[in-house]
Each structure stands twice: as structure tokens, then as C-alpha cells.
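Me: I'm new to this one and would like to learn how to read it feature by feature. Could you walk me through it?

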Amino acid sequence: MCFLCLCCSTGDDTAIAPQDPLEERLQEAETLEKPQRDSVYRQLFQEATQTQMDSVRLQRLSALSLKFIRKADSALFRQVNTQAMAEAERQKDTTALAEACWDLAIFLRDYSIPDSAFYHYSKAQRLYQAQGDDFNSGRIYMNMAIVQTDIKDYTGSEITTFRAIRLLQPLEKHKQLYRCYNNLAIGTKFLGEYDRALSYYQKALEHVQQIGEDNSILRLGTLNNIGTVYQEMEDHQAALPYFEEVLQTPKLQTEKPDLYARAMANHAFNRFKVGQNQNVEADLQKALDQRISLGIQGDIAGSYAKLAEYYLVRGDSLKAISNGEKAVQAAKKANNNQRLLGTLTLLAKADGTRAHIYDKEYIRINDSLQIAERKIRDKFARIRFETDEVIAENEALARERQFLTLLSLAAFFLAMAGFIIFRQRIKNQRLRFEQEQQAHNTEIFNLMLQQNQKFEEGKKEEQKRISEELHDGVLGKMLGARMVLTGLNKKQDEGAIAERAGAIESLRAVEVEVRSLSHELSHAAYEKIH
């Protein structure tokens, strides 16, 4: 029997903190008898629903949903879980909704409703995937694969397991990766691909070594599983060392009695197969007694089946039939159809008179199982198809959002580029205008310089003209008047007096002319150009 019991999810990582009063009351309730315990559970549920704050109410409902999966009665769990889902949907809390779906899937798998369990696992997985939570998405894929293994959909289980591995491998979640490879090994073993099964178990062992916590139980369980692969291959000699290593582990019988009993039964049966018959019957019986004390019906069926085969080979048909019938009853209680069919085949060999009855029962059960498994596989296929459709739709929406985002970014950058170009063109125009204005100012300044230069030249010419007039006009006139007065000074007649008056008048005219020239010269000297 494979070490599958370690592969079921418990969701412990989502438990509420131990210091929470709700957790303390839950721990106290676990010490009570069932009627009192259920009463406390119902009271806690009622208090949670009456909590005023939405976030606290949802947190408590989610915590109770997790705690009640296996500790409360089924009706109370369904009531709490339904309320938690409704509250999570109302508050649009996808994480709480995913956890509630996960809780319900565990509950449904425990009650052997695999198709519904698979559906709710799928729903939780989609919610985690939408959040980008690769770790929990990978864990859900892993649990979905285990459910597929339960109903013998080994191919589908392998596909789902590899999806889980792709998500968990980059995160280096070795405990979950161990469970993935353990599940792959179980499926390939049932398909008769023993070499692949051994390879997957070796990979599982490699990840067990990477787990930080105490990994001894996981390692020993994997060693037992490797031994069962060799057992299926009829290589009983190769299987013995693995079972012996498990049995030689100190304190295993007290710390993990179910694993110890499993290894003891396998070890005794393998010794019997290789001809080492000493204490085989006693060890098989001892393993059976321990399994009965633990109440694990699937293991009990395995022990009865091994004892039946042992007695059949030894020729004790009565004991073989007795143990075979007990194995059939235990297998039915455990819902272990594989063990049931194997035991019916064994009984047909042990009881020749009733062989046809066992064969008929085998055919009936096998046919009904095949029909049921086919229906469930079809349901799983529809769920996977719907899931793939949803994933494809989400991917299409994601691509559409990505396209719209890129388009918006492109439009934004295009607008920014247009704005920058427009602004740069304005700057360039302004710069050109300033340059042109500067050129015009320079040209005006040059014209002013030229005008000033021309003015200076005109002023010099005017000064030259005035100088020439002073020299040629005024001096000549003054010289003539002086000479006339010089000659008249010697005369005293009336003609001389008249001529002297004319000369004086000429001097006065010269005075006026000199004053006029002086004014013109002063105006030419101080005139400014603007």
C-alpha cells in the first residue's frame, strides 16, 4: 500500500493565530465529549455570524470553516462553509472565497465525492491564479491531481501534477514538490510503469532531503513505497532492504505505528516470497493486530489479504478463505476497490466450489467501477475543459487589457512627443524671432552709426564753410573798412564824414555777420542726432 495518507491537504497554513480567543475556545472544545463539543461549536458559529465588523466576521467564519472540516459534524461544517462563501462573495474577498472552496473540496474528498471535490478545487485554483498566487495555485493543482489518482485517472493526474510542478519548482517548495513526485510515482506504479515509478520516488526523496523540518517520516514512507514497487515487480529480494531500513528506525513503532505495521506486513510477506518462512505468520498477525487497534480499514484489508495468500500457498484453504472474506469486508468499509477486486481473485483460487460466485462478483464490481470511473473521468474532463475555457478567456482578457494598456501608453507617448515637438517648434520660432530682432537691432545700430558719421561729416563741412566765409568774407570786409577809415582819418570834410559813417556801418554789418556765423557754428557744434 502506498504512502498516500501523507498527501492530503489540511490547510494548516491558513489557521488563525494561537493567541486568538476563538482558537483558545476551539482548543478547549476539543477536550469535551461530542455533544458538548458540538454545542460549543454551534455557539461559536452563532457568535461569528453576529459579529458587527465585516472583516472580523469573515475572518472568524473562514477560521471555523477550516477547523470544522474534520472536527465538527458534516451538517455544521456545510452550514459554516456556505456562510463563509456567501460572506466572501459579498465582500468580494477572493482569498477568503478560495479558502472556503478549498475547505469544501477537502470535506468532499473525505466523504468520497471526488467529482465535487475536484470542481471546488478547480474553483479555488482559478481564484488563486487570478491573484497571481503561484504557491497556492500549485498546491491546489497538486490536490486536484491526487483526487484524479483516487479515481484512477492516472493520465489526467500526471498532466495536473506537472502543472503543479511548473508553479512550485521556481519557488523551491520542496515539501509540496515531494508530494507531487510521490503522486506521480503512485500513478505510474498502478499503470505498471515501474521504472518511471522508481524514478519519481527517487526525485521525491531528493526533495525530502531539502525540507528543513524533520523529514524522517516522509523519507521512511517513501522507502516503504519503493519497496512496494519492487514487490509489484515480483523482485522481492530487492524490496527487502527498504522495508528493513524502515523497521530498524528507532521509536518508529510508537511515533508512527501505522507506517511501522505497514512495513512489518510488507517485510514479512516479502520474506515469505523469497522462502524465508521463519516468523512470517507471526509477523503478519502482529501487523494485523496493530492495524486493527489503529482502526485503519484499508490497512486491515491489506493484512487480511496477505494472510489469505500466505495460507493459500501453504495449502490451508480454510484459513485462506476466512482471511479473504475478512479482507473483502474491510476493503468494502474502506471503499478500497482495488483491494476488493484483488481479494475476490484470491478467493476464487482458494475456494474452487464458489469460484464462479467470486468471479461473477468480480466482473460485476469491476464493470460497475469502470462505468462509474468513466463517468467521473468524463465529469473531470468537462471540469477541466470549463477550467481551460475560463483560463483561455482570462488569458484573452489579459491580452486585451495588455493591448489596451500598450495602446494607451503608445497614445500617451505619442501625445507627449507631439507636445514636445510643438513646444520645441515654438521655442525655435521664438529663437529665430529673437535672432532676427537682434539682426534688425544690429542693422539699426549700424544705420545710426552711419547717420552719425554722415552728421559728423556734414558738421565738419559746415565748419569748413563757416571758416571759409569768415576768412574770405568777413576778414575781407574788415580789411576794406580799415583801409577806408585809415584814409578818411586824414580828411575832415563832409564827404569824408559820410564815407566814415559808411565804413562804420560796414563794420556793424560785419559784426552782425560774425554774430550770425557764431550762432551757426554753435548750433552745428551742439546739435545731436537721436
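**Reading the features**

Reply: Sure, let's start with a pair of helices: helix 16 (residues 297–314) packs against helix 17 at an angle of about 160°, and their axes are 8 Å apart. Keep in mind that you're looking at a predicted model.

Me: How should I read the angle between helix 16 and helix 17?

Reply: The general idea is that angles over 145 degrees count as roughly antiparallel and those under 35 degrees as roughly parallel. Helix 16 and helix 17 pack at about 160°, so helix 16 is roughly antiparallel to helix 17. Their crossing is left-handed.

Me: And at what angle does helix 17 pack with helix 18?

Reply: Helix 17 (residues 317–334) and helix 18 (residues 337–350) pack at about 160°, with 9 Å between their axes. That makes helix 17 roughly antiparallel to helix 18. The way helix 17 passes helix 18 is a left-handed crossing.

Me: What about helix 1 and helix 3: are they roughly parallel or antiparallel?

Reply: Helix 1 (residues 21–30) packs with helix 3 at an angle of about 20°, and their axes are 11 Å apart. Helix 1 and helix 3 are therefore roughly parallel to each other. This crossing is right-handed.

Me: Let's turn to charges. How many salt bridges does a search of the whole structure find?

Reply: The idea is to look for a side-chain nitrogen of Lys or Arg within 4 Å of a carboxyl oxygen of Asp or Glu. Searching the whole structure that way gives 18 salt bridges. One of them joins the side chains of Arg-42 and Asp-73, at 3.5 Å from N to O. This pair links distant parts of the chain: Arg-42 sits in helix 2, while Asp-73 is in the loop between helix 3 (54–71) and helix 4 (74–90), 31 residues apart.

Me: Which residue forms a salt bridge with Glu-158?

Reply: Arg-196 does, with the N and O atoms 2.2 Å apart. This one also links distant parts of the chain, with Arg-196 in helix 10 (residues 194–210) and Glu-158 in helix 8 (residues 154–168), 38 residues apart. Glu-193 forms a salt bridge with Arg-196 as well, and there the closest N and O atoms are 2.4 Å apart.

Me: Which residues are linked in a network of salt bridges?

Reply: Look for Asp-54, Arg-57, Glu-87 and Arg-90, which are linked in such a network.

Me: Now for accessibility. Is Glu-158 buried or exposed?

Reply: The rule is that under 20% relative accessible area means buried, over 50% means exposed, and anything in between is partly exposed. Glu-158 has 19%, so it is buried. Its partner Arg-196 has 30% relative accessibility and counts as partly exposed. Glu-193 is partly exposed too, with a relative accessible area of 30%. Back in the other bridge, Arg-42 comes out at 39%, so Arg-42 is partly exposed.

Me: Where is Gln-46?

Reply: You'll find Gln-46 in helix 2 (residues 34–49). With 46% relative accessibility, Gln-46 counts as partly exposed. Try comparing sequence and space here: Gln-46 and Leu-61 are 15 residues apart in sequence, and their C-alpha atoms are 9.8 Å apart.

Me: Which residues form a nonpolar patch on the surface?

Reply: The general idea is to gather nonpolar side chains that lie within 5 Å of each other and have over 30% relative accessible area. Here the patch is formed by Leu-406, Leu-409, Phe-412, Phe-413, Met-416, Phe-419 and Ile-420, and together they have about 710 Å² of accessible area. Take Phe-413 as an example: Phe-413 is found in helix 19 (residues 355–488). At 54% relative accessibility, Phe-413 counts as exposed.

Me: Last topic, the backbone. Which residue has a positive phi of about 65° although it is not a glycine?

Reply: Lys-251 is one to look at, with a positive phi of about 65° despite not being a glycine. The place of Lys-251 is the loop between helix 12 (236–247) and helix 13 (252–255). Lys-251 is exposed, since its relative accessible area is 61%. Asn-279 also has a positive phi, near 65°, and is a residue other than glycine. Asn-279 lies in the loop between helix 14 (257–273) and helix 15 (280–294).

Terms used:
Residues are numbered from 1 along each chain as its sequence is written. This is a predicted model: local features need pLDDT of at least 70, side-chain atom pairs count only at pLDDT 80 or more; totals for chains, interfaces and linings use all residues. Side-chain values use heavy atoms; hydrogens and water are left out. Patches are made of residues with over 30% relative accessible area and no salt bridge: like charges are joined within 9 Å, nonpolar side chains (Val, Leu, Ile, Met, Phe, Trp, Tyr) within 5 Å. Accessible areas come from the Shrake-Rupley method with a 1.4 Å probe; for residues, only the protein chains shown count as cover. Helices (H or I, at least four residues) and strands (E, at least two) are DSSP runs, numbered from the N terminus. Buried means under 20% relative accessible area, exposed over 50%, partly exposed in between (1.4 Å probe, protein chains only). Axes are lines fitted to C-alpha atoms, for helices over the stretch in contact, and angles run from 0 to 180 degrees between N-to-C directions. Angles under 35 degrees count as roughly parallel, over 145 as roughly antiparallel, 65 to 115 as roughly perpendicular and the rest as oblique. A crossing is left-handed if the near helix is turned anticlockwise from the far one by less than a right angle, and right-handed if clockwise.
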